[in-house]
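Subject: Handing over the model, with notes on what was found

Dear colleague,

Here is the structure we spoke about, for you to load alongside this message. My notes on it follow below, grouped by region so that you can read them with the coordinates open.

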Amino acid sequence: MEGAVRLRAGASKWDVREQVWDYLEASGLAAFPRPVHRRIPNFEEFKAANTVKINPDAPQKNARFLTLEARKTLLVPTPRLRTGLFNKIVPPSGATKEILRICATSQGVKEYSVPIGLDGKARVDLVVVGSVAVSEKGWRIGKGEGYADMEYAMMVSMGAVQKDTPVVTIVHDCQVVDIAEELLDDHDLTVDYILTPTRTIKTNCKRLKPQGIIWHKVSYEMLGKIPILKSLRYREKQAGKDVTLKDEHPDLAKADKPTALNEKAMAENTRPQAATGSAQIGQQYVESDSLSPRLEGSGMLTTVYVGNIPPSTRVSELKYALREFHATPLRLNWQGAQHRAFLDYKDKATAESAVSSLKGLSLGGNTLRVELAKNQRNRGQAEINSQK
């Protein structure tokens, strides 16, 4: 059925998507059970792979099932990357085909998976993505949201994929069309193999895949929607890379220290030691704003617990990360010997915003545990014990 979709001259990416979707609907193929049954196991790169990453969309459900049936490690990106990057599907011992089929569904991903963070040392041998349209040269057009491209770029940044890691897409024959190369941007992911109900196409694509996250194409809005992206940006900035966002002034991103405006805002939240009577005894460190006893004892403050802090991490590193993630607290109680810290914020809304901003943050090789402290009423030893 190749060529069933005739693209108009000068078609844009959105034109290609609309024409393919219209054809799938008009021809009755929209509900086609893609990927086609038993196609992937006949694919040599699949046989050689130990760990396979497959997108979570419904059309790839059977590909996920076949991966589990072949007893391979299956990684599924979290939907829209809201809570991390990967979920590793872990079927129960002795799982039947019926159970494996459940594991391959969106509900199964929730029930039979464990999260894999930035420091999970994941190594992906084969990447499977969906496509709206794809050309025999390997040019690919997705739904237009950019998540597959971003997932791949993030995998590059965390070392999960290499230059020679094969990328596969599984489509119906009618979705294989001619695509003009000028429609591709440098962040677009190309594919090495196309699997259809009738063919396995090796594209021999020479175009470079994304070499990592292209920060100048990432917006503050996207950074807010994808918490793990913030952690990757922090990590790459620490490594000296340019992480200027597309809606950020370059001078702000390159600055090693906060700007005068940020310094003023920080001064309002975290006072110098001489002004606040900060104390450091052993590995316990407390830095607080000049809070009045009335405010401090009124129960208005909300505390955030930060755990799993590596022994080698210094309080200055945490403070720097808090500034970077716009989560500077009114008071920081650092307990390095116990690998934890407590952060006091002016109210619950501010604390919850900080938890959201810091979710997935990695320091010194550890992904931090960040959550509201369990005992907000009685601070001090009772609160510390509740987090043990």
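Two strands count as paired here if DSSP finds at least two bridges between them, and in that sense Gly 307 of β13 has Arg 369 as its bridge partner in β18. Please keep in mind throughout that this is a predicted model.

Overall picture

The protein chain holds 15 helices and 18 strands, and of its 388 residues 47% are buried. Among contacts with a separation of 6 or more, 66% are between residues that lie 24 or more positions apart.

Strand β13 and its partners

β13 covers residues 302-307, and because six of its six residues are buried, the strand is largely enclosed by the rest of the structure. In a regular strand the side chains alternate between the two faces of the sheet. In β13 both faces are covered, with Thr 302, Val 304 and Val 306 buried on one side and Thr 303, Tyr 305 and Gly 307 buried on the other. The strand pairs with β15 (residues 340-345) in the antiparallel sense over five bridges, and within that pairing Thr 302 stands opposite Tyr 345. With β18 (residues 369-372), β13 is joined by four bridges, and these two strands also run antiparallel.

In the loop between β13 and α13 (315-324) lies Asn 308, a residue other than glycine whose phi is nevertheless positive, near 65 degrees. Its relative accessibility of 40% makes Asn 308 partly exposed.

The eight-stranded sheet and helix α3

An open sheet is formed by eight strands in the order β4-β3-β2-β1-β5-β8-β9-β10, with mixed pairing. Its edge strands, each of which pairs on one side only, are β4 (113-116) and β10 (200-202). On average, and with direction ignored, neighbouring strands of this sheet are turned by 25 degrees against each other. Helix α3 (residues 61-69) packs on the sheet, where it touches β1 (51-54), β2 (73-77), β3 (86-89) and β8, and the direction of the helix makes about 150 degrees with that of β2. Within the sheet, β5 (residues 126-129) and β8 (residues 167-170) pair in the parallel sense over three bridges, and Val 127 has Val 167 as its bridge partner in β8.

The loop between α3 and β2 contains Arg 71, which, although not a glycine, has a positive phi of about 60 degrees. Arg 71 counts as exposed, at 60% relative accessibility.

Helix α6, helix α8 and the largest core

How is helix α6 placed with respect to the rest of the structure? Eight of the eleven residues of this helix (residues 147-157) are buried, so α6 is largely enclosed; the buried ones are Ala 148, Asp 149, Met 150, Glu 151, Tyr 152, Ala 153, Met 154 and Met 155. After the helix comes Gly 159, with a positive phi near 80 degrees.

The largest nonpolar core has 35 residues, of which Phe 86, Val 124, Met 154, Met 155, Ile 213, Trp 215 and Leu 229 touch the most other members. Two or more residues of this core come from each of β5, α6 and α8 (227-238), and α6 gives the most, with six residues. Apart from this core lies another, of 24 residues, among them Tyr 320, Phe 325, Ala 351 and Leu 368.

Helices α6 and α8 pack at an angle of about 40 degrees with their axes 11 Å apart, and α6 passes α8 in a left-handed crossing. On the α6 side the contact is made by Met 150, Met 154 and Ser 157, and on the α8 side by Ile 228, Leu 229, Leu 232 and Glu 236. By class, this contact has five nonpolar, one polar and one charged residues.

Leaving aside residues up to four places away in sequence, Leu 229 touches Met 150, Met 154, Ile 213, Trp 215, Val 218, Met 222 and Leu 223.

Is Lys 230, which also has its place in α8, buried or exposed? The cut-off for burial is under 20% relative accessible area, and Lys 230, at 13%, is therefore buried. With the same sequence neighbours left out, that is, those up to four places away, Lys 230 touches Leu 223, Phe 325, Ser 356 and Ser 357.

With best regards

Technical notes
Residues are numbered from 1 along each chain as its sequence is written. This is a predicted model: local features need pLDDT of at least 70, side-chain atom pairs count only at pLDDT 80 or more; totals for chains, interfaces and linings use all residues. Side-chain values use heavy atoms; hydrogens and water are left out. Buried means under 20% relative accessible area, exposed over 50%, partly exposed in between (1.4 Å probe, protein chains only). Axes are lines fitted to C-alpha atoms, for helices over the stretch in contact, and angles run from 0 to 180 degrees between N-to-C directions. Contact means heavy atoms within 4.5 Å. A nonpolar core is a set of buried Ala, Val, Leu, Ile, Met, Phe, Trp, Tyr and Cys residues joined through side-chain atoms within 4.5 Å. A crossing is left-handed if the near helix is turned anticlockwise from the far one by less than a right angle, and right-handed if clockwise. Ala, Val, Leu, Ile, Met, Phe, Trp, Tyr, Cys and Pro count as nonpolar, Asp, Glu, Lys and Arg as charged, and the others, Gly among them, as polar.
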